[in-house]
Amino acid sequence: LYVHELARRFREEHEVHVFANRAGGDLLPGVRFHRVPAWRANALTTVLSFPLPATALARGGFDVVHAQGLTTLRFDVVTAHICNQAWFAAQRRLGVGGSWRQRVFEKVVAPLERALYRRSRRAWVIAISDMLRRELASLYGRTERVEVVRHGIDLGRFDPRRHAAAGREIRRGLGFADSDRVILFVGDLRKGAASALGALRRLPGARMLLVSRSDQAPWRAQAAALGVLDRATFHPPVASIEPFYAAADLFLYPTPYDAFGLVVVEAMASGLPVVTTRRAGASEVVRHGESGFLVEEPGDEEGLAALAAPLVADPALARRVG
C-alpha cells in the first residue's frame, strides 16, 4: 500500500517504475512493473533472495531509486519501516516469539539491516516515526540524512459515517448485542494480544474482537486459561478492515513494539478512542487523555484496564475521545 500510494502520486508528474516480486493487485495505469525473482519459501528466504536481482534489474537510467528497507543495494532514498533488532528485543522482554526460525532471522537480518544503514551515508533515510529515528541512531549508528515522515491516512476511506451500517451488520453477525461494549484489536497477535486479553479479564462488562492473520490457537488457549474465551472473538484477516472499526466501541493495541502502527491512526480516523503504548511510533500523534490514552509498559494489564474502563462504562466519553 505504501509503494502503491507513492506510485499513484508520483505518476502524475514523473515516469514511475516499480520493481517487486508481485504487483499485489491491479497495476496502476502509467506505472511500469518489473518482476524481481525471489524465493518466497519464508520471510528469511524472501529477504535474502530479493536484493541482489533487484539491484541488477534496477540499474541505469533512473534519477531516483527509492528502496523499502533491505530490498536493494543501490538507492538514493530508503524508507525504514522497522528496526528488526528493536522488534526482537521487545519480544524477548515480553517472553513471546523465540522460535528457532525467529532466532535465525534475527541473527541473519539484523546485521544486514545495520550494514545497510551504516554504509549508505550519501542516501537519505525516511524514518516512519521519531521512535524509529532514535533506534536507527542508537542500534545501527545512523544519524545523518534521516528525516521523519509518518504514515498518512485516507480520511475519506476511514470516515466512520461511510461504514456505520456495515459495522452494525458485523456486530449482529458476530453475535454482539447493541448494548455490548466491544473492544477491537487488529494486527499481529504478538503485538499485544496477551496483554489485551489480560486487560479484558479486568473489564467484566466488555467483549473483545481480535482480527488477525496470526495462528489463533495459542491465544485461544490463553483466553481460556484467563476465563475470557466466551468474551473474546477471534476473526481471520479481512479484505476491508474499515467496517470492523465501525463495529467497535474502542481500540486496544498494547504492542511491545511497532515502528509506527498504522492500525492506531486507522482507528483514530474511524472515530474510535485508542489505548496503546509508547512503544508504538503512532503514539507520537496521540494526545494522552484527549485523543487517546497511553501506557508506558505493554505488559501493564492493570494500567490498560484502568484506562479502558471509563471508555467501557461511559459511551459518551468514548465518543468524545474518539
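This report walks through selected rings, charges, a helix and a few single residues in the structure above. The model is a predicted one.

## Aromatic rings

Let us begin with the ring-bearing side chains. A search of the whole structure turns up 8 aromatic pairs. One of them joins Phe88 and Phe105: their ring centres are 6.0 Å apart and their planes meet at 45°, so the pair is tilted. This pair links distant parts of the chain, with Phe88 in helix H4 (residues 84–94) and Phe105 in helix H5 (residues 100–118), 17 residues apart. Are these two rings buried or exposed? Phe88 has a relative accessibility of 7%, so Phe88 counts as buried. Phe105 is buried too, because its relative accessible area is 14% and the cut-off for buried is under 20%.

A second pair is made by Phe185 and Tyr253. Here the centres lie 5.7 Å apart and the planes are at 40°, so this pair is also tilted. Phe185 belongs to strand S7 (residues 181–186) and Tyr253 to strand S10, so the pair ties together parts that are 68 residues apart in sequence. Both Phe185 and Tyr253 are buried. These two rings also have company: Phe158, Phe185, Tyr245, Phe251 and Tyr253 form one aromatic cluster.

A ring can meet a charge as well. The charged end of Lys191 sits over the ring of Trp87, at 5.5 Å from the ring centre.

## A buried threonine

Lys191 comes up again in the surroundings of Thr255. This threonine is placed in the loop between strand S10 (250–253) and helix H11 (262–269). How much of Thr255 is accessible? Its relative accessible area is 0%, so Thr255 is buried. Leaving aside residues up to four places away in sequence, Thr255 touches Lys191, Gly192, Thr276, Thr277, Arg279, Ala280 and Pro298.

## Salt bridges

Now to the paired charges. How many salt bridges does the structure hold? There are 20. Three of them are set out here.

| Salt bridge | N to O distance | Apart in sequence |
|---|---|---|
| Asp130 and Arg134 | 2.8 Å | 4 residues |
| Arg150 and Glu284 | 2.9 Å | 134 residues |
| Arg207 and Asp180 | 3.2 Å | 27 residues |

Asp130 and Arg134 both lie in helix H6 (residues 130–140), about one turn of the helix apart. An α-helix has 3.6 residues a turn, so residues three or four places apart point the same way. Asp130 is partly exposed, with a relative accessible area of 23%, and Arg134 is partly exposed at 44%.

The bridge between Arg150 and Glu284 joins two loops. Arg150 is in the loop between strand S6 (146–148) and helix H7 (160–173), while Glu284 is in the loop between strand S11 (274–277) and strand S12 (292–295), so parts 134 residues apart in sequence are tied together. Arg150 is partly exposed, at a relative accessible area of 39%, and Glu284 counts as partly exposed at 29% relative accessibility.

What about the bridge between Arg207 and Asp180, buried or exposed? Both of its residues are buried. Arg207 lies in strand S8 (residues 206–211) and Asp180 in the loop between H7 and S7, so this bridge ties together parts that are 27 residues apart in sequence.

Salt bridges can also join up: Glu5, Arg8 and Arg9 are linked in a network of them.

## Helix H6 and its buried face

Helix H6 deserves another look. Which of its residues are buried? They are Met131, Leu132, Glu135, Leu136 and Tyr140. Viewed down the axis of H6, these buried residues fall within an arc of 140°, so they line one face of the helix. Their cover includes strand S4 (77–80), H4, H5 and strand S5 (124–127). H4 and H5 are the helices that carry Phe88 and Phe105. Just after H6, Gly141 takes a positive phi of about 70°.

## One last residue

Finally, Ala23 lies in the loop between strand S1 (16–20) and strand S2 (31–35). With a relative accessibility of 37%, Ala23 counts as partly exposed. How far is Ala23 from Glu169? From C-alpha to C-alpha they are 32 Å apart in space, and 146 residues apart in sequence.

Conventions. Residues numbered from 1 in each chain as written. Predicted model: local features only at pLDDT ≥ 70, side-chain atom pairs only at ≥ 80, totals over all residues. Heavy atoms only, no water. Helix = DSSP H or I, 4+ residues; strand = E, 2+ residues; numbered from the N terminus. Buried < 20%, exposed > 50% of the residue type's maximum accessible area, 1.4 Å probe, protein only. Contact = heavy atoms within 4.5 Å. Phe/Tyr/Trp six-rings, centres within 6.5 Å; stacked < 30°, edge-to-face > 60°. Lys NZ or Arg CZ within 6 Å of the ring centre and 35° of its normal. Salt bridge = Lys/Arg side-chain N within 4 Å of Asp/Glu carboxyl O. Arc of directions from axis to C-beta.
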